[in-house]
Amino acid sequence: MSVPRISSIHPLRAVEGGRVTIEGDDLVPDEAGASLPIITMGGVQTRVVFASRRVVSALVPSGLNGGRTPVRIDGGSGETAFIDVGRAVATGLHQVDSPAIDGEGTLFVTYSGTRGERAPVSVFRIRSDGYREPFVTGITNATSLVFAPDGHLHVSSRFEGTVYRVADDGSFEVVATDLGVACGMAFSADGTLYVGDRSGTVFRVATSGHATAFATLPASIAAFHLAWGHDDGLYASAPTLSPYDRVYRIDRTGRVEPVSSTFGRPQGLAFDTHGVLHVVEALAGVSGVYRLDRDGNRNCVLAGPRLVGITFDSFGGFVVASSETAYQFDATRRPSA
């Protein structure tokens, strides 16, 4: 009787509910009427959604502690395979865009709420020791978060069409108004703020607060997501009703060009410490985080359902967020199978 053996796992990072592909030999017995293989992650049995002798797809179970997690197949041989599972650091959220991390590793997340809802807390602060506390109250539909080069947190309100600058004590002041359905934000290296209006305009905001139209994109059914690239370009995603949506690069003159047309529902964008762009794909069946290489090719680096945003810290770690939960991945060596 053959003995199953795992040879590789893709992708090597995931959050609960993420679909990972396990490759190997004799994963399903070559017998008539053979049952599905039993796969465990961290000792918890997974749900297998596809199985053949060489390929098995399974969903990461809930209740795992996170971090480097062993993956085993019942009756298997050889060395243990591992994946890196995100650790839930905040739940009960309502994220519309990516969270934000300051220079000290403190995480900021939102409770945005339904349109016009005045939530008790607009922005939560989660310290590096895991302590969570209310930080900003009084901003209706807090949507996107970004830090300016001077370290001040900025928050957009898609309901008010306004961007606010937040002080260290959580108080805030208006930076710019009349920005439409204000969603994604990004600062260029010179401190200029760019704000995406879901209706189809990207605004450039002067230090005086005066906003001018900078670029035009197709209107989005969800939100604009922006990130400033290491190549001095502004990157944007704006999911529409099209079966294939693009990620765009906008140069300093406002000229728009697509850099990838292979996404079904691209959302949050972020650059890692090496200047590589990562894109959240929210299309059912292929949802997760994809690394978008400079040649336009994409590679899935993390599996997870209903993700909307991603942010990197300065130490090489990162946080991904669904609409309700934020998951942390520490700066560790790449897990191996």
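**Reading a predicted model, one "why" at a time**

Tutor: Let's start with the rings: Phe108, Phe135 and Phe147 form one aromatic cluster. Keep in mind that this is a predicted model.

Student: What makes the confidence in this chain high or low?

Tutor: The scale of pLDDT runs from 0 to 100, and the mean for this chain is 93, with 96% of its residues at 70 or more. One stretch needs care: over residues 333-337 the pLDDT is below 50. That stretch has 16 contacts in the model beyond near neighbours in sequence. Where pLDDT is low, the predicted coordinates should not be read in detail.

Student: Back to the rings. How many aromatic pairs does the structure hold?

Tutor: There are nine aromatic pairs. Among them is the pair of Tyr164 and Phe172.

Student: Why is the pair of Tyr164 and Phe172 called edge-to-face?

Tutor: Rings pair if their centres lie within 6.5 Å, and planes over 60 degrees apart count as edge-to-face. For Tyr164 and Phe172 the centres are 5.1 Å apart and the planes stand at 75 degrees. The pair is therefore an edge-to-face one.

Student: Are these two residues buried or exposed, or in between?

Tutor: Buried means under 20% relative accessible area, and partly exposed lies between that and 50%. Tyr164 has 9%, so Tyr164 counts as buried. Phe172 has 30%, so Phe172 counts as partly exposed.

Student: Which residues have the most contacts inside the largest nonpolar core?

Tutor: They are Ile9, Val60 and Val71, in a core of 19 residues. Strand 1 (5-10), strand 3 (19-25), strand 4 (39-41), strand 8 (67-73) and strand 9 (81-85) each supply at least two residues of this core. The largest share, three residues, comes from strand 9. Apart from this core lies another one of 18 residues, including Ala186, Tyr194, Ala215 and Ala223. In soluble globular proteins, nonpolar side chains tend to be buried together.

Student: Which residues does Val71 touch?

Tutor: Leaving out residues up to four places away in sequence, Val71 touches Ile6, Ile9, Ile22, Ile39, Thr40, Met41, Thr80, Ala81, Phe82 and Ile83.

Student: You named Tyr194 in the other core. How do you know that Tyr194 is buried?

Tutor: The cut-off for buried is under 20%. Tyr194 has 1% relative accessibility, so Tyr194 counts as buried. Tyr194 lies in strand 20. Beyond residues up to four places away, its contacts include Met185, Phe203, Phe214, Leu226 and Trp228. The C-alpha atoms of Tyr194 and Ile39 are separated by 46 Å, and the two residues are 155 apart along the chain.

Student: What makes strand 20 and strand 21 a pair?

Tutor: Two strands pair if there are at least two bridges between them. Five bridges join strand 20 (residues 193-197) to strand 21 (residues 201-205), so the two count as paired, and they run antiparallel. Tyr194 stands opposite Arg204 in strand 21.

Student: Which sheet do they belong to, and why are strand 19 and strand 22 called edge strands?

Tutor: They belong to an open sheet of four strands in the order 19-20-21-22, with antiparallel pairing. Strand 19 (182-187) and strand 22 (211-216) each pair on one side only, and they are the edge strands. Neighbouring strands of this sheet are turned by 30 degrees against each other on average, direction ignored.

Student: What is the strand order of the sheet that holds strand 33?

Tutor: The order is 10-33-32-31, in an open sheet of four strands with antiparallel pairing. Its edge strands are strand 10 (87-90) and strand 31 (307-312). Four bridges join strand 32 (residues 318-322) to strand 33 (residues 326-329), and Phe318 stands opposite Phe329.

Student: Why is strand 25 described as mostly covered?

Tutor: Five of the six residues of strand 25 (residues 245-250) are buried. Strand 25 pairs in the antiparallel sense with strand 24 (residues 234-237) over four bridges, and with strand 26 (residues 256-263) over five bridges. Ile250 stands opposite Leu234 of strand 24, and the bridge partner of Ile250 in strand 26 is Val256. In the hairpin of strand 25 and strand 26, Gly254 takes a positive phi near 95 degrees.

Student: Last one: how do you know that Gln267 is buried?

Tutor: Under 20% counts as buried, and Gln267 has a relative accessible area of 7%, so Gln267 is buried. Gln267 lies in strand 27 (residues 266-271), and its contacts include His225, Pro239, Val280 and Leu307.

Note on methods. Residues are numbered from 1 along each chain as its sequence is written. This is a predicted model: local features need pLDDT of at least 70, side-chain atom pairs count only at pLDDT 80 or more; totals for chains, interfaces and linings use all residues. Side-chain values use heavy atoms; hydrogens and water are left out. A nonpolar core is a set of buried Ala, Val, Leu, Ile, Met, Phe, Trp, Tyr and Cys residues joined through side-chain atoms within 4.5 Å. Buried means under 20% relative accessible area, exposed over 50%, partly exposed in between (1.4 Å probe, protein chains only). Contact means heavy atoms within 4.5 Å. pLDDT is the predictor's confidence in each residue, from 0 to 100. Axes are lines fitted to C-alpha atoms, for helices over the stretch in contact, and angles run from 0 to 180 degrees between N-to-C directions. Rings of Phe, Tyr and Trp (its six-membered ring) pair if their centres lie within 6.5 Å; planes under 30 degrees apart count as stacked, over 60 as edge-to-face and the rest as tilted.
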